[in-house]
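Please look over the model below. Some questions on its charged residues follow, each with a reasoned answer.

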Amino acid sequence: MRIKHKLRFSINMVFLMILILMGGSGFGNHGVNAQETVKVGVSAQSKPYNYYDENNQLTGFEIELLEEIDQRLEEYVFEYSTTEFASLFAGLDAGTFDIIMNNIGEKTERRDKYLFSKYPYLITHNVIITRPDEGEVVTLADLAGKSIGLVAGSSQAIFLEQYNAEHPDQLIKLEYIDADASTIIREVESGRYDATIYSTTYLNDVKDTFGINLSGHPIEDEDAIQPPGTYALYRDDAKSLTLRNAIDEVLAEMREDGFLATLSEKYFGQDDTKLTTDILEKNDLIEAERVALNGENSDEVEKNYVVGTSGQTKPLNFFNDNNELVGLEIDIIQEIDRRLDDVSFSFELTEFASLFAGLDAGSFDLLANNLGESGDRRERFLFSLYPYVITHNVIITGQDADDDLKIEDFAGKSFGVVPASPQSLFLEAWNETNPESAVKIEYVDSDPSTIIRDVYNGRFDATIYATTYLYDVEQTFGIQLKAHPIENEDEIRPPGSYFIYRTTDVELRDMMDEVLAEMREDGTLATISEKYLGQDDTQLTEVILDKNNEIEAERLEQAVKENDEIIEENTNSSNGKIFAPEVIPQIIPAILDKLPITLLMTVVSAFIGLVLGFAIALVKIREIPILSQIFSVFVSFMRGTPQLVQLFLAFYGFPLIVRWLNQQMGWGIDVNGIPTLLYVFVALGLNEAAYNSETFRAAILSVNKIEIEAAKSIGLTNGQTMRRIILPSALIVAIPNLGNSLISLLKGTSLAFTVTVIDIMGQARIIAGSNLRFFEAYIAVALIYWLICIVIEQLIKRLEKRLNVDQKEVEHIETIQTENR
């Protein structure tokens with residue numbers, strides 16, 4: 001009884017902790033707040049702009065600036081979220097953030113896509129950073145033949161690559177390194193590189209943090225790297241404009257009353273907030289152009305539609321060298337956005353396979369990913385009236401092939417295709433119906449670019465892909481191939497790429513179709529096509545017009561049969577030392593602040609794993625029909641896939657299930673209010689259950705059959721036999737493996753930071769980003785994990801010893817009972 005009470009108390013405590021966390025994460029929070037919440041995105045790794053201090057408090061120039069703005073704006077309250085720098089813009093696009101501040105400067109693509117604060121709140125300069133012995137004045141010409149350390153693809157790298165191209169007689173040796181600014185600047189001081197280029201703010205911070213001496217030299221044409229100035233960025237819509245204007249008004253007050261200058265002196269040692277005449281004139285001109293183009297509709301809140309895309313379908317949608325989402329489809333939608341005053345569009349990325357599931361679940365309002373007519377898409381979804389681009393699948397061969405070849409001309413020759421793709425299905429059907437002209441199908445799990453290049457390289461005789469991909473590969477890699485028309489290409493996929501919507505979103509479809517028609521008529525669509533495809537692939541043929549008009553007529557006729565009612569779904573689119581061991585004791589307490597989160601994830605997941613694992617083991621031992629087979633597949637899947645994948649499946653998949661249940665059952669569960677910890681519990685708990693089930697199964701099967709028969713011979717029931725005989729013996733065998741599994745689970749919780757749960761590992765990364773002591777921080781967190789594992793090992797040893805003693809007592813009592821009988 002005492003054991004049962006302890007178990008019940010432990011379970012109650014676990015669920016109490018879960019409920020407390022849920023309450024803190026948004027469950028049951030029905031309080032009324034008159035202030036509007038502004039979600040601010042930062043990386044917390046851009047010291048001195050935003051970072052975590054020694055007390056684990058988010059601080060920095062931008063944080064104090066925002067806190068002061070928060071104090072002066074009574075109608076808003078600011079909330080801060082941290083993510084990787086590369087995810088800030090995607091979060092702004094998706095509506096996760098209302099504003100991002102992270103030492104962000106100007107780029108043409110950013111100006112075109114986002115709304116900037118009217119003036120920069122800080123003005124710093126990119127400089128050439130060298131050791132003092134390089135001289136008092138150092139120019140790019142002085143660095144000829146010398147090495148510069150930089151990050152590939154950065155603004156500095158692009159600037160220097162262009163410099164080398166324009167000055168072949170003064171080439172600078174560019175050495176690329178994937179590291180943070182602090183590391184690269186310190187490598188200049190150590191002598192690994194002769195120089196680097198970074199902002200003066202980073203230079204000063206590294207000098208102060210590590211007590212090193214370096215020099216910063218002005219760059220004459222630094223605007224070619226990035227114009228001076230750091231801005232707050234917003235989405236380009238009316239609601240964000242209202243917020244932008246309110247914050248800009250406060251920033252002007254703070255510049256006038258000296259607060260901005262004082263804050264700059266605190267973090268940068270000087271006033272870097274003064275606006276020059278050039279900066280004022282440039283930004284005033286930009287603002288005037290914006291107002292002339294869009295007007296000031298700050299009182300009107302636009303409706304935002306979320307576009308689902310993969311960002312991996314070049315040239316239709318992809319990320320360019322500046323990590324900006326671009327492409328033919330992106331340009332088209334952005335142009336539609338500019339022409340529609342009362343709506344806006346944002347993009348959300350996912351894998352191709354998840355696009356349609358996201359559309360079904362309401363995560364997206366429309367899809368744009370080179371989608372054509374295939375399978376039952378026409379029956380399940382609503383297509384744009386006409387395709388926005390018309391390309392054709394063609395047979396692609398090397399230049400040495402004859403002209404205008406047909407499929408039958410390739411008998412016995414090799415085609416490289418992706419298995420289960422429309423192209424492979426087409427060729428398989430061809431081989432089946434034309435055995436005398438069968439082609440050799442070679443399956444390869446690769447992207448179009450690789451397969452097309454393999455044709456050029458001679459690995460395959462041919463492949464089949466759309467002309468869009470062919471043109472992009474030829475332009476990107478500077479190669480030439482031949483394209484041969486396919487007579488019956490409709491069997492692969494009818495020509496044409498469409499925007500796809502839910503069947504209920506006719507109003508959105510019609511609104512976008514109207515703008516697409518204008519763009520086709522005024523030549524905008526053709527211009528975009530020529531930009532990305534090298535030719536105008538937007539002209540509609542009579543065949544395409546007739547076919548799509550007929551499809552639309554059939555859709556309208558069906559709507560009439562259903563009483564012309566379209567059901568509106570209520571879904572929302574939704575000190576100078578290289579190694580400083582003395583800082584490790586200072587880091588450990590800050591990391592330990594998040595130890596309860598790590599332990600909670602471990603305990604709850606272990607509990608799920610024990611209970612479910614034991615149940616699965618019993619089902620498999622007793623070979624219960626259907627359940628046994630299902631659990632076998634479950635165990636195989638969980639043991640055969642990485643924990644990180646399982647965590648992502650839970651994190652991204654569970655909300656889809658909840659949204660689907662909301663639609664089917666009429667529930668109103670707020671998916672965004674579900675704490676991320678719940679997804680971690682599900683993923684790690686199920687993974688643990690899979691491993692524990694095999695441990696329990698092996699342990700139960702190892703129990704001596706004679707003991708079981710003896711128990712039954714003295715009249716014990718199956719339940720009594722399980723509790724008194726089998727489980728005590730099985731636990732002795734299982735405990736060591738269960739202990740090892742628990743230790744693995746503890747270490748597996750470190751993955752939770754990938755889905756925004758800040759545990760001890762996440763805390764270590766945050767601290768490392770703030771003090772630039774990555775090695776020391778990781779040593780600290782390693783010591784904590786090690787210590788916890790030692791404690792678990794000792795507890796397991798004690799439990800093993802206790803169970804062995806209990807087992808001996810049980811065997812002794814049973815021996816006496818047998819003798820007395």
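**Charged residues in a predicted model**

Q: Is glutamate 487 buried or exposed?
A: In this predicted model, glutamate 487 sits in the loop between strand 25 (482-485) and strand 26 (498-501). A residue counts as exposed when its relative accessible area is over 50%. Glutamate 487 has 76% relative accessibility, so it is exposed.

Q: Which residues gather with Glu487 in a patch of negative charge on the surface?
A: Glu487 is exposed, and it belongs to a surface patch of negative charge. The other members of that patch are Asp400, Asp402, Glu408 and Asp409.

Q: How many residues apart in sequence are the parts that glutamate 64 and lysine 266 tie together?
A: The side chains of glutamate 64 and lysine 266 form a salt bridge, with N to O at 2.4 Å. Glutamate 64 belongs to helix 2 (residues 61-72) and lysine 266 to helix 9 (residues 259-268), so the parts tied together are 202 residues apart.

Q: What separates glutamate 694 and arginine 697 in helix 24?
A: These two side chains meet in a salt bridge of 3.0 Å, N to O. Glutamate 694 is buried at 17% relative accessibility, whereas arginine 697 is partly exposed at 28%. Both lie in helix 24 (residues 676-701), 3 residues apart, so the separation is about one helical turn.

Q: Which side chain does aspartate 98 join in a polar contact of 3.4 Å?
A: Aspartate 98 lies in the loop between helix 3 (85-94) and strand 6 (99-104). Its relative accessibility is 15%, so it counts as buried. The side chain in polar contact with aspartate 98 is that of arginine 235.

Note on methods
Residues are numbered from 1 along each chain as its sequence is written. This is a predicted model: local features need pLDDT of at least 70, side-chain atom pairs count only at pLDDT 80 or more; totals for chains, interfaces and linings use all residues. Side-chain values use heavy atoms; hydrogens and water are left out. Patches are made of residues with over 30% relative accessible area and no salt bridge: like charges are joined within 9 Å, nonpolar side chains (Val, Leu, Ile, Met, Phe, Trp, Tyr) within 5 Å. Accessible areas come from the Shrake-Rupley method with a 1.4 Å probe; for residues, only the protein chains shown count as cover. A salt bridge is a side-chain nitrogen of Lys or Arg within 4 Å of a carboxyl oxygen of Asp or Glu. Lys and Arg count as positive and Asp and Glu as negative; His and the chain ends are not counted. The place of a charge is taken as NZ of Lys, CZ of Arg, CG of Asp or CD of Glu. Helices (H or I, at least four residues) and strands (E, at least two) are DSSP runs, numbered from the N terminus. Buried means under 20% relative accessible area, exposed over 50%, partly exposed in between (1.4 Å probe, protein chains only). A polar contact is a pair of N or O atoms within 3.5 Å; within protein, one must be able to donate a hydrogen and the other to accept it, and residues adjacent in sequence count only if both atoms are side-chain atoms.
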